[in-house]
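Colleague: I would like to learn how to read the features of a model like this one. Could you take me through some of them?

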Amino acid sequence: MANASSLEKVVRNRARRRFGLLLLKRLGEALPTVLGIMVLNFLLLNSAPGNAVDALVGIMGASDPEFVARMTAQFGLDRSMPERLAIYIGNLFTFNLGNSYYFNRPVADLIFERLGATLLLMLSSIGLAVVVGVTLGITSARYFNTLLDRVIGLIALLLYAMPVFWVGLMLIILFSVKLEWFPMGGASTIGADNGPFYAAVDVLRHLALPMITLSLYFIATYTRLMRASMLETLHKDYIRTARAKGVPERAIAYRHALRNALLPVVTVIGVQMGALLGGSVIVETVFGWPGLGRLAYESVVQRDFNVLLGILFMSSIVVLTVNLLIDLVYAKLDPRIEI
Amino acid sequence: MLTQEPPQLTSAFNTTLPNGVVGTKVLEGLLAYDEKMQPKPSLATSWSVSNDGLEYTFKLRPNVSWHDGKPFTSADVAYSAMNVWKTLHPRGRIIFSSLTAVNTPDPLTAVFKLSKSSPVLLSALHSYESQILPKHLYDGTDVTLNPWNLKPIGTGPFVFKEWRRGQYIMLERNPNYWDKPKPAIERLILRLFVDPGARSAAFETGSADIGYFSPVTLADAERLKKRTDMMITTNGYQYATPMFFMELNLRNPPLNDVRVRQAISHAIDRQFIIKNIFMGYATPATGPIQSSSQFYEPNVAQYPYDPAKANALLDEAGLKRGPNGMRFRITHDPVPQNQEHALTADYVKQALAVVGIDVEIRKQDLASQIKRVSSWNFDMSSNPLFAMFDPALGVTRLFWSGNIKQGIPFTNVSGFSDPLMDSAIEAQSTERDLKKRIAHFSVLQKIAQQQVPLIYLLEVNYLTIANKRLNGHTVDGAAPFSSFADVKID
């Protein structure tokens, strides 16, 4: 017994060390990646003609040279580009994301005010997309080349083809304007105060349409991917063995094939985190969802580049974190993969 | 309805429109204005001007308190004028340039001392333009970063309650408002709708009762107009009429030839633009000053749509058509604010091609366009600038040769310089006799239309869309910035 438990401990310790090493290694990779992304973003954004002062005086209708000069100096835009880049990157190391030109407040405050809403929208959409997409994909593969398979294929094609902003507006017109099932815009009913349970239900009612809109494209992706992956897995030797042993088809699909077939889908989730944030820019704007996507859109229009850079910084961290999590899920799904 | 998140909730030093829409419900100015833009009492109950025009005395309303209970006094006025409007406000530096001091002989008297007379001053004390901030919360702080900018304390009919970022701002009735029993509504919620399509859906579902500054596309407005519960009005914008015009860079030949500029003006059919692009929500501009202004001069040179005349003028200027039928090529940087501006640019390109001018449209975002035009790197551009309540603010800056300043937006970017124009502009700036001032502006309009450094196209009508159950929302010439004290719900 004593031997067994010490062996267990050794194995556990080794696993823990390996995990620690992996985290370190990933962190070592992530740091230069994020830094590279930020430098590139900074240079790209600042290479366009015009700056935040131009956008601001455009909005305010100011034409006083001293006003323009004061704003330019206040924002530090009178310095040279390499100088500004150095200051910006230096500040990043202390997690100082600078000030918003438009809102005249720290970028970190603006981002944290809205991060929760965006994460809720993104995670619920991707969750919905995975559940629906995987189910449709498996069904499609199991009923390969039947009418059901073709109908699912057609639906997926339609979801691919419909532009997100259009779907959003159509859902608003149908479910908010005509049927009045869901509220219109925002994340909560204004001034409602009926306790935490109703508050949660209220947020879910506001979340439903933007979540569905954002997930549609990803449902299509996962349906197609899952179908292909499932079809491939169902032709593997071990499945044939299971069939030969008389395992029912349903059990083959869900118990034997699903785990292996999921791997490509899990990979794609990680890859698509960036696309998801891109989609949330449109969805949040159409639905008035108070998240980072809409903040990003507004900061582009206003040339509020500190805010935009801050959001890109956050999103690159989210993408890297999710990809790390995905590696862990991978190992869980397929014991042959070592972390 | 708000169409854009405000950066702050006061327009005392940041005149972004949503700041004004929200701020004017909470904070107030010395004066209010009727629909003819004539001053009427607000926080000042009466005012007088000394004979030499160098001293303006305002008697303040007694027994007014800030929302935190502190009394409102002349010290607040003096602080706001000297430390905020004169130093931090984007236009205030010009309006109050001759203001040397504000004396406060007693808590209810504020005396503005000027170094030279300033006829524009009395038109500029509106709650949007010159908002009074509470000295006790701002004195000694960095005004632009003061936390009270985000949760304002004012004297107005509504008290700030909550700002949920990206969603809404909630204001509640001020039970101690000086103009009791106003306001009539208990709670005022300013909701944010960024997407124009979602905005019209918001009106249809009753999620929004009123929106200013053309909140929906003109096509959607036509649809909403047919509903029995909605109304659309173009009233209430005399304060800030957008004059849609094109700027020509006179440094670049052949645009330095007045005949070419006149030809361009003749080649454009303003009625076509109004009918097909602005859906009728605009009128032809006859010159730089809006027709609703007391300074408007109708008897100026006009350039009615006449391609034959345009061709003749271009021939006369010696610009022969090349083998491709074109005489010369220019770039055009249209303002990228909305669809109507883009469509107008497309129309202008086609219209000028008819008379042999090849137009290359450069598409870009607003900051890039402003940068290009203000650094004089353009041939032709378009702009929908507010003419403002006094032409000394919105119009003279475009024509005065002293305002040819490279890199500064909304200045005299065309490089136009005319001694008669300059002397008219300089004379009006200190002229206290209204009739003489009107005469100076008449000279300005005549020269502007004779020389056409800017081609005035349209006076654009902004739309206010409102639910019919709402009353009293358009009572003066600055409806978007009204205090809502008079608004009632049926």
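What follows goes from the contact between the chains to strands, loops and backbone angles.

Modeller: This is a predicted model, in which local features need pLDDT of at least 70, side-chain atom pairs count only at pLDDT 80 or more, and totals for chains, interfaces and linings use all residues. Residues are numbered from 1 along each chain as its sequence is written, while chains are lettered from A and ligands numbered from 1 in the order in which they are written.

Colleague: How many residues does each chain bring to the contact?

Modeller: Two residues are in contact if their C-beta atoms, placed from the backbone, lie within 7 Å. Here 42 residues come from chain A and 43 residues from chain B. Helices (H or I, at least four residues) and strands (E, at least two) are DSSP runs, numbered from the N terminus. On the side of chain A that touches chain B, the elements that each supply at least two residues are α2 (52-60), α3 (65-74), α5 (107-142), α7 (164-178), α11 (273-287) and α12 (292-301) of chain A. The most comes from α2(A), with six residues.

Colleague: What kinds of residue make up that side of chain A?

Modeller: Ala, Val, Leu, Ile, Met, Phe, Trp, Tyr, Cys and Pro count as nonpolar, Asp, Glu, Lys and Arg as charged, and the others, Gly among them, as polar. The side of chain A that touches chain B has 22 nonpolar, 12 polar and eight charged residues.

Colleague: Which strands of the open three-stranded sheet in chain B stand at the edges?

Modeller: Strands of a sheet pair through backbone hydrogen bonds, either parallel or antiparallel. Two strands count as paired if DSSP finds at least two bridges between them. The open sheet has the order β10-β18-β11 in chain B, with antiparallel pairing. At its edges are β10 (210-211) and β11 (230-233) of chain B, each with a single partner strand, so one side of each has no neighbour in the sheet. Two bridges join β10(B) to β18 (residues 464-467) of chain B, and B:Gly211 has B:Ile465 as its bridge partner in β18(B).

Colleague: Is β16 of chain B enclosed or open, and why?

Modeller: A residue is buried if 20 or more other C-beta atoms lie within 10 Å of its own, exposed if 12 or fewer, and partly exposed in between, with C-beta atoms placed from the backbone. In β16 (residues 380-386) of chain B, five of the seven residues are buried, so this strand is largely enclosed by the rest of the structure. Its antiparallel pairing with β12 (residues 242-248) of chain B runs over seven bridges, and B:Met243 stands opposite B:Leu385. With β14 (residues 328-333) of chain B, β16(B) pairs in the parallel sense over two bridges, where B:His332 stands opposite B:Met380.

Colleague: Where is B:Thr217 found?

Modeller: B:Thr217 is in the loop between β10 and α6 of chain B. It has 17 C-beta neighbours inside 10 Å and so counts as partly exposed. Leaving aside neighbours within four places in sequence, B:Thr217 is in contact with B:Pro196 and B:Gln339.

Colleague: Which peptide bond leading to B:Pro183 is cis?

Modeller: The bond from B:Lys182 is cis, with omega near -5°, and B:Pro183 lies in the loop between β8 (168-173) and β9 (187-191) of chain B. Another cis bond runs from B:Pro253 to B:Pro254, with omega near 5°.

Colleague: What is phi of B:Asn63?

Modeller: Phi of B:Asn63 is near 60°, a positive value in a residue other than glycine. B:Asn63 is exposed, with 9 other C-beta atoms within 10 Å.
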